[in-house]
Amino acid sequence: MDPLDFIISLAREAGTLLADRVDGPREIALKHRADLVTDADRASEALIVERIGANFPAAAILGEEGGVYAGSGDERFIVDPLDGTTNYAHRYPLFCVSIAYERAGVLEAGAIYAPLMGELYAARRGGEATLNGKPIGVSSVEAVRDALVCTGFVPARFERNMANFIKLSGIAQAVRRDGSAALDIAFVAGGRFEAFWEWDLKPWDMAAGAVIVAAAGGTVSAIDGSPLDIAAGSILATNGTTHAEMRGLLS
Ligand code: IPD
Ligand code: CA
Ligand code: CA
């Protein structure tokens, strides 16, 4: 099966599971202060891991909620079964399922599905980025003063980003903090945000989005401008034309 087709249908299936449960009673546990996990995160990941095992039995899996398998080949799926758990717990609709497919250490495809918004972002490396099957591209805004930019921060380390939040609030048209890094990155691909940055992320927060932004004509790097390393934690994803200016502003 084509890996991109597979992760698209899998993201849809897991996202539908999340949507079906969002209004029902949920078990919410605290991993640590303000870091939630719900029964829905776990149910979504269990579904995804089961489907990968059935269709790509040799593949490795890196899933946020403990779905970690070494695999026996060079393929790997990188999975956030629910990105934006705090939003989900409050029924704020900005949450998604994010699945990336990697082969021989190269990110080859990504799919991000936000079920309450009915939006499925997808791309393969070197292909076109799509939203619900239709081509999308990054915005053509050139200056940060004309840009809508977005960021995020883990609650335990929010101070690290406050100076940047304040600085960009005084330069950009506006700054958003939407609470789902994967979806925030997808919104750069779709031209809603000109830029997104965050430190302290995990591979599953950015792997799929990185493929989709690049395919949409944008630029992804670490915040210091070095090549993106999904294991290293930081990302700056932009429409390309604002990348250098954003890089120079962030510290
Ligand atoms: C979080 C969200 C949030 C970001 C955090 C992530 P989770 O993921 O993407 O927007 O600011 O850094 O940990 O816990 O909801 O999967
Ligand atoms: Ca996440
Ligand atoms: Ca998650």
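**Exercise 1.** How many residues surround ligand 1, and which are the closest?

*Solution.* Start with the conventions. This is a predicted model, where local features need pLDDT of at least 70, side-chain atom pairs count only at pLDDT 80 or more, and totals for chains, interfaces and linings use all residues. Residues are numbered from 1 along each chain as its sequence is written, chains are lettered from A and ligands numbered from 1 in the order written, and side-chain values use heavy atoms, without hydrogens and water.

Next, apply the cut-off: a residue is near a molecule if one of its heavy atoms lies within 4 Å of it. The shell around ligand 1 then holds 16 residues. D83, G84, T85, G179 and E198 are the closest.

**Exercise 2.** Sort the shell by residue class and by domain.

*Solution.* By class, the shell has five nonpolar, five polar and six charged residues; Gly counts as polar. By domain, domain 1 (3-135) and domain 2 (144-249) each supply at least three residues. These bounds come from an automatic or database domain assignment.

**Exercise 3.** List polar contacts of ligand 1, then state its burial.

*Solution.* A polar contact is a pair of N or O atoms within 3.5 Å. A backbone N or O atom of F153 is 3.4 Å from a ligand 1 oxygen. For R177, a side-chain N or O atom lies 3.4 Å from an oxygen of ligand 1. For G179, the backbone gives 3.0 Å to a ligand 1 oxygen. Alone, ligand 1 exposes 380 Å², and the protein buries 87% of that (Shrake-Rupley method, 1.4 Å probe).

How values were computed: A polar contact is a pair of N or O atoms within 3.5 Å; within protein, one must be able to donate a hydrogen and the other to accept it, and residues adjacent in sequence count only if both atoms are side-chain atoms.
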